[in-house]
Amino acid sequence: MAIRGQLLTMAIGFAFTAAFLRSAVCFNPPPQHDALDVLPPTNYLGSISPQQVHISLVGKDKMRIMWITQHASPATVEYDTSAGTYGYSATGSTYSYEYLMYKSGEIHDVVIGPLEPNTVYYYRCGSNSSREFSFKTPPVQLPITFAVAGDLGQTRWTKSTLQHISRSGYDVMLLPGDLSYADFNQPLWDSFGRLVEPLSSQRPWMVTQGNHEIEKIPVIHAHPFTSYNARWHMPFEESGSNYNLYYSFEVAGVHVIMLGSYTSFEAGSDQYKWLEADLAKVSRERTPWLLVLVHAPWYNSNTAHQGDYEGEGMRKAMEKLLFDARVDIVFAGHVHAYERFTRIYEGQANACGPVHITIGDGGNREGLCRRYLDPQPQISVFREASFGRGQFQVVNATHALWSWHRNDDDETVRADMVWLSSLASDPACNRM
Ligand SMILES: *[C@@H]1O[C@H](CO)[C@@H](O)[C@H](O)[C@H]1NC(C)=O
Ligand SMILES: *[C@@H]1O[C@H](CO)[C@@H](O)[C@H](O)[C@H]1NC(C)=O
């Protein structure tokens, strides 16, 4: 029965995936690393073992811990600053969701803190205490290092991306959408949770959603983002947003805004009004750096996703807000390749506009998007279809180093690198 249910779910899922992927243009399977999904073994997990643990920043000194158990177990986290001793504890909530024939495990959601900055905490979850985890809180002041990678999926390329990121010495992960590529087949959300756990239980993972998170099927499952919202609760309440699909947070002198490409963004929409209000709250004295993440790129010289409404329509609707606020960088995913643009506004190079970077090359099963518009537009500085990941090291209030690293190289090799100075520190742009 259970197997039949799953097969049915998969059949329906595949039918819809095929329909909605038809517009994508990147199907060249990458050499050697075929589309095989990596399913981590589950036999070491008991029915109340915490699994799929991930953490995310909440407010200025708290952390949300989320994990899943197969059977009921308390939503309690015990933690402290040395291993094996748990002086503090916090309790949160538990829920689950249904998707066609699939019923999720018990999803636990607990916020802990206040926590000290730049400190390692040891913690355990629920009533099975045999797995101890640890994480490091980010610094309260600059410098800080972000890992940036979108369109992760769960292939051998993903594994290689994760390996590179885990050795990079990052403080916070930023993911501009397309996480598991479960594509309606819900157990793949669970395997993704287990695949990323070694990293996502140790450093905050701040994510926004892509088209692969929508998982809406007309009539039979009309509600979008069910699994994403249930499993990846981001701190939207704390940033005055009504929905998990867009929010912001501040860490060590950086204000980060996460936007949603697949929910209304036009002038007058809830997201637009929230963005306006959020930008008005930014203080460049408190946070000299201002970043935005979104799934569908606003600038793109790859032939994949050229002119899509999610990218181009959103750019038309929101670009002026970001320009007027002097946003430093816009990171996007969606196109499975790497591309860095110069500072832009309204299609033209503009010294006071954001740098646009597409970093949709985390390792998904659809392959790389290898075809580009020719000739390369002048505003596009560097483009390459290889799997990899980005690193954004904010050194101080004025200087930051962006670098892009291919999976094919040693992790220390920077295939692309640029020093950026903050727009807030540029007198010609500074209107703050
Ligand atoms: C407790 O966790 C350990 C390690 O994950 C696992 O081997 C054991 O089966 C778990 N016990 C239960 C009852 O879940
Ligand atoms: C900020 O960092 C850059 C690059 O390391 C350095 O040249 C500059 O002097 C630093 N500024 C301050 C105020 O420390």
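Good morning. I begin with ligand 1, whose surroundings are Tyr44, Leu45, Gly46, Ser47, Ile48, Ser49, Asn128, Ser130 and Arg131. By class, that shell holds 3 nonpolar residues, 5 polar residues and 1 charged residue. Ligand 2 has Val395, Asn396, Thr398 and His399 around it. Its shell comprises 1 nonpolar residue and 3 polar residues, with no charged residue.

I should state at once that this is a predicted model. The average pLDDT of the protein chain is 92, and 91% of the residues reach at least 70. In residues 18-23, however, the pLDDT falls below 50, and this stretch makes 0 contacts in the model beyond near neighbours in sequence.

Let me turn to the helices, starting with α3. This helix covers residues 187-200, which is 14 residues; at 1.5 Å a residue it should span 20 Å, and its end C-alpha atoms lie 18 Å apart, so the two values agree. Where does α3 bend? The bend, of about 30 degrees, is at arginine 194, and proline 198 follows within four residues. The buried residues of α3 are Leu188, Trp189, Asp190, Phe192, Gly193, Leu195, Val196 and Ser200. The elements covering them include β1 (51-58), β2 (62-69), α2 (156-166), β13 (205-208) and α4 (226-231).

Helix α2 has its own buried set: Trp157, Thr158, Ser160, Thr161, Leu162, His164 and Ile165. Their cover includes β11, α3, β22 (388-394) and β23 (399-406). Thus α2 is among the elements that cover α3, and α3 is among those that cover α2.

Next, the backbone. Which residues are joined by cis peptide bonds? One such bond links glycine 113 to proline 114, with omega about 5 degrees. Proline 114 sits in the loop that runs between β8 (106-112) and β9 (120-125). Another cis peptide bond links leucine 142 to proline 143, where omega is also about 5 degrees. The loop between β10 (133-136) and β11 (144-148) contains proline 143.

Two residues other than glycine deserve mention for a positive phi. For phenylalanine 184, phi is near 85 degrees, and the residue belongs to the loop between β12 (172-176) and α3. Is phenylalanine 184 buried or exposed? The residue has 24 C-beta neighbours inside 10 Å and therefore counts as buried. For histidine 305, phi is about 60 degrees, and its place is the loop between β16 (289-293) and α6 (309-324). Histidine 305 is likewise buried, because 24 other C-beta atoms lie within 10 Å.

I close with three buried positions and their contacts across the sequence. The contacts I list leave aside neighbours up to four places away.

Valine 172 is part of strand β12. With 23 C-beta neighbours inside 10 Å, this valine counts as buried. Its contacts are Pro138, Phe146, Arg203, Pro204, Met206 and Val251. Of these, valine 251 is 79 residues away in sequence, with a C-alpha to C-alpha separation of 9.1 Å.

Methionine 234 occupies the loop between α4 and β14 (247-251). Why does methionine 234 count as buried? The reason is that 27 other C-beta atoms lie within 10 Å, and the threshold for burial is 20 or more. Methionine 234 is in contact with Ser56, Met206, Val207, Asn244, Tyr247 and Met258. Met206 therefore appears in the contact lists of both valine 172 and methionine 234, by the 7 Å C-beta criterion. The C-alpha atoms of methionine 234 and leucine 57 are 8.0 Å apart, although 177 residues separate the two along the chain.

Arginine 389, finally, is in strand β22. It has 28 C-beta neighbours inside 10 Å and so counts as buried. What does arginine 389 touch? Its contacts are Ala147, Val148, Ala149, Thr161, His164, Ile165, Gly362 and His405. Among these, Thr161, His164 and Ile165 are also buried residues of α2. Arginine 389 and valine 53 stand 336 residues apart in sequence, and their C-alpha atoms are 22 Å apart in space.

Thank you for your attention.

How values were computed: Residues are numbered from 1 along each chain as its sequence is written. Chains are lettered from A and ligands numbered from 1 in the order in which they are written. This is a predicted model: local features need pLDDT of at least 70, side-chain atom pairs count only at pLDDT 80 or more; totals for chains, interfaces and linings use all residues. A residue is near a molecule or strand if its C-beta atom, placed from the backbone, lies within 6 Å of it. Ala, Val, Leu, Ile, Met, Phe, Trp, Tyr, Cys and Pro count as nonpolar, Asp, Glu, Lys and Arg as charged, and the others, Gly among them, as polar. pLDDT is the predictor's confidence in each residue, from 0 to 100. Two residues are in contact if their C-beta atoms, placed from the backbone, lie within 7 Å. The expected span of a helix is 1.5 Å times one less than its number of residues. The bend at a residue is the angle between axes fitted to the seven residues ending there and the seven starting there. A residue is buried if 20 or more other C-beta atoms lie within 10 Å of its own, exposed if 12 or fewer, and partly exposed in between; C-beta atoms are placed from the backbone.
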